[in-house]
Amino acid sequence: MYDESIVEQAIAVHTKTYGTEPTAVAYAPGRIEVLGNHTDYNEGTVLSAAINMGHCFCISASDKPGVRLTAGDLLETTEFDPASDERLPKNLQWANYVKGVMFYLRGQKVENDSVDCTFLGSNPMGAGLSSSAALEVATAFAVLEYTGKTLGKDEIGILAQAAENNFAGCNCGLLDQFSSIYGVHHGLIHSDFRSLETYPVMLPDDVVFLMINPHIKHVLADSPYNERRVSCELAASELDELLGHPVKALRDVSWEEFEANKDKINSEAAQRATHVIGEITRVEQGVKLLAEGGKLIEFGQFLYDSHETSRTAFENSCGELDIVVEAAREAGALGARLSGGGWGGSVVALVHAADADAICEKIVHICKTKGLEPTAEIIIPSAGATVVK
Ligand code: GLA
């Protein structure tokens with residue numbers, strides 16, 4: 001299932017703007033990250049879910065060279081040459097995600113010149129729900145459909161990541177793009193970012209996730225995200241010298257090995273690695289807990305533990321997110337943590353379905369007493385990207 005209303009609205013904007021209906025239309029969802037923070041570029045594992053909000057991308061032929069692109073929410077249109085690798089200026093950042101994907105698709109012999117395009121999303125930008133990955137993936141699916149070409153899903157994810165790295169300036173891993181592509185209805189996705197294998201992890205029927213957004217905008221490209229990646233790589237290379245086996249990435253270091261060696265490496269890098277190696281350990285234990293069924297209290301505690309090392313070791317939380325997590329705890333959520341890159345964005349909370357509405361209200365109420373004006377909603381884990389037309 002995809003967000004039909006956003007698809008209808010995108011098609012309407014496209015038809016009105018260009019005077020013709022789109023020939024191809026695709027939809028790709030945003031994601032929540034459930035466990036496994038900053039593990040993807042450390043070749044680790046993540047539990048995530050595609051969500052019931054996303055981006056729609058429409059495309060039709062034009063008789064002019066280049067790409068005309070309309071942002072359906074802003075009702076602004078810009079033009080660019082898809083063969084050029086130049087980034088558009090910051091005020092047109094929304095167009096860079098599309099331009100990057102089109103540029104890399106051309107490298108795969110997918111021609112995409114002389115086209116009119118429109119995108120529209122229900123996935124709010126800057127909320128930590130990977131709206132940019134949803135836009136990139138929707139672009140790739142629509143352009144491939146329009147040109148009659150095919151690429152493997154992994155290739156699409158890698159290409160969309162390259163667009164984010166080189167056109168948006170964030171050295172992100174593959175989590176957001178893979179979640180958007182491989183999402184499953186009412187399930188989580190376990191992704192292994194070394195083998196690139198993904199498999200669904202089904203959730204018990206009686207739990208749901210809440211997404212609580214305190215509305216503090218974040219732009220990962222302007223955050224310490226890239227710096228944290230460098231620290232993780234430093235920790236891995238120092239541990240490579242110390243351990244008796246090759247360490248290509250933090251994925252190769254067990255918790256026990258890390259504990260025994262952390263005092264021998266750069267202290268800041270060790271502090272960041274504490275969070276990442278802890279997260280990889282929690283993901284694997286968390287999958288087992290879910291498979292055993294009913295161990296939701298323990299699983300939820302992992303979410304709280306994850307937030308705690310985000311706050312204290314990786315330092316990618318902020319005051320507002322900490323308030324929301326504490327409010328979730330007080331309101332009786334099974335677990336809660338920041339979801340995604342951090343330094344803003346949203347908190348994801350795990351709750352029993354029967355308590356969801358009451359906990360949502362309580363969280364919002366507690367946050368209001370602390371000066372925040374968050375919105376909270378129930379997230380439906382959803383299927384991955386699809387061609388609509
Ligand atoms: C952002 C990035 C992902 C991942 C998460 C943190 O969402 O785009 O690649 O690193 O942060 O886990």
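This passage describes the ligand site of a predicted model and the cavity that encloses the ligand.

The cavity makes a convenient starting point. The search returned 1 cavity of 30 Å³ or more, and the volume of the largest cavity is about 120 Å³. Its lining is made up of 15 residues, and Glu33, Leu175, Asp176, Tyr225 and Gly341 are the closest of these to the cavity centre. This largest cavity is also where the ligand is found.

Turning to the ligand itself, its surroundings comprise 14 residues, of which Glu33, His38, Asp40, Asp176 and Tyr225 come nearest. Sorted by class, this shell holds 4 nonpolar, 6 polar and 4 charged residues. Both domain 1 (4-36 + 43-201 + 383-387) and domain 2 (207-379) contribute residues to the shell, and the ligand therefore lies between the two domains.

Polar contacts to oxygen atoms of the ligand come from side chain and backbone alike. For Asp176, a polar side-chain atom is placed 2.6 Å from a ligand oxygen. Gly173 takes part through its backbone, with an N or O atom 2.9 Å from an oxygen atom of the ligand. At Gly341, a polar backbone atom is 3.1 Å from a ligand oxygen. The ligand would expose 310 Å² if taken alone, and the protein buries 98% of that area.

Asp176 thus appears in several parts of this picture: among the residues that come nearest to the ligand, among those closest to the cavity centre, and as a side-chain partner of a ligand oxygen.

Terms used:
Residues are numbered from 1 along each chain as its sequence is written. This is a predicted model: local features need pLDDT of at least 70, side-chain atom pairs count only at pLDDT 80 or more; totals for chains, interfaces and linings use all residues. Side-chain values use heavy atoms; hydrogens and water are left out. A residue is near a molecule or strand if one of its heavy atoms lies within 4 Å of it. A polar contact is a pair of N or O atoms within 3.5 Å; within protein, one must be able to donate a hydrogen and the other to accept it, and residues adjacent in sequence count only if both atoms are side-chain atoms. Accessible areas come from the Shrake-Rupley method with a 1.4 Å probe; for residues, only the protein chains shown count as cover. On a 1 Å grid over the protein atoms alone, a cavity is a set of points where a 1.4 Å probe fits but cannot get out, and a pocket is an open set with protein on both sides within 12 Å along at least five of seven lines; lining residues have an atom within 4 Å of a point. A molecule sits in a cavity or pocket if more than half of its atoms lie within 2 Å of its grid points. Ala, Val, Leu, Ile, Met, Phe, Trp, Tyr, Cys and Pro count as nonpolar, Asp, Glu, Lys and Arg as charged, and the others, Gly among them, as polar. Domain bounds come from an automatic or database domain assignment. Grid points are joined across faces, edges and corners, and a volume is the space filled by probe spheres set on the points.
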